[in-house]
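Subject: Structure handover

Hi,

Here is the structure for you to load. My notes follow below.

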Amino acid sequence: MLHLASKSPRRSELLARLGLEFGVLDLDVPEHRGPGEPAEEYVRRAAREKAGAGLLQVMAVPNALVLGADTEVVLDDEVFGKPRDAVDAAGMLRRLSGRTHLVISAVSLVSAAREAQAVSVSDVTFAELSEPDIDSYLATGDWEGKAGAYAIQGRAQTFISHLSGSFSGVMGLPLYETTQLLRKFGAMP
């Protein structure tokens with residue numbers, strides 16, 4: 001049985017697109033970047049820790065597979081994370097305005113016997129944002145709970161002048177990489 005170690009409705013929606021049945025595990029794994037830890041390694045570690053914590057919850061389930069994922073927005077080696085409030089979100093959007101940033105999504109798949117991981121790195125370029133653009137976007141609430149204060153699948157699509165990489169990865173679960181991992185574990189045809 002496949003389990004998703006994430007409360008994210010976006011990840012559940014994306015995983016459902018693969019046509020698989022899965023359970024959702026409600027976890028609260030702290031996400032803190034270590035001093036000097038490279039951004040990509042931090043994202044990889046966070047995904048691995050989520051998958052591992054999920055596996056501990058379902059060890060008694062025969063053939064349990066747990067999928068953990070993490071997605072972060074990175075600009076100039078700063079990991080943006082989720083904004084605390086609208087003021088923090090506005091600051092993030094101002095910094096992303098007119099610039100290209102990375103979106104790193106790591107996926108870990110674990111069972112009692114093995115573990116595998118994949119990473120998707122996308123370049124996302126924002127157009128120049130005006131203060132009215134930012135204010136209007138903040139009023140939608142789409143920024144809440146989103147790394148970098150935006151959701152590519154929502155109105156923020158109008159900010160993105162160029163994407164090189166995985167749309168689903170920027171949403172929170174890179175489907176190509178996820179499919180490859182599931183195939184390695186025999187969980188997909």
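Valine 74 in strand 3 has valine 79 of strand 4 as its bridge partner. Strands here are DSSP runs (E, at least two residues) and helices are too (H or I, at least four), numbered from the N terminus. This is a predicted model, where local features need pLDDT of at least 70 and side-chain atom pairs count only at pLDDT 80 or more, while totals for chains, interfaces and linings use all residues. Residues are numbered from 1 along each chain as its sequence is written, and side-chain values use heavy atoms, with hydrogens and water left out.

Strand 3 and its partners

Strand 3 and strand 4 (residues 78–79) run antiparallel, joined by two bridges. Pairing takes at least two DSSP bridges between the strands. Two residues sit between the strands in this hairpin, and aspartate 76 takes a positive phi near 55° there. Strand 5 (residues 100–110) also pairs with strand 3, antiparallel, over nine bridges. Threonine 71 is bridged to serine 105 of strand 5. Strand 1 (residues 2–4) pairs with strand 3 in the parallel sense, over three bridges. Histidine 3 has valine 66 as its partner in strand 3.

How much of strand 3 is buried? Of its 11 residues, 11 are buried (under 20% relative accessible area; exposed is over 50%, partly exposed in between; 1.4 Å probe, protein chains only). Both faces are covered, with Leu65 and Thr71 among the buried residues on one side and Val66 and Asp70 among those on the other.

Threonine 100

This residue is found in strand 5. Threonine 100 counts as partly exposed because its relative accessibility is 42%. Its contacts (heavy atoms within 4.5 Å) are Leu75, Asp123, Val124 and Thr125, not counting residues up to four places away in sequence. A polar contact of 2.6 Å joins its side chain to that of threonine 125. That term means a pair of N or O atoms within 3.5 Å; within protein, one must be able to donate a hydrogen and the other to accept it, and residues adjacent in sequence count only if both atoms are side-chain atoms.

The largest pocket

The lining of the largest pocket draws its largest share, five residues, from strand 3. A pocket is an open set of points on a 1 Å grid over the protein atoms alone, where a 1.4 Å probe fits, with protein on both sides within 12 Å along at least five of seven lines; lining residues have an atom within 4 Å of a point. Helix 1 (9–16), helix 2 (39–58) and helix 5 (167–171) each supply at least two lining residues.

Best wishes
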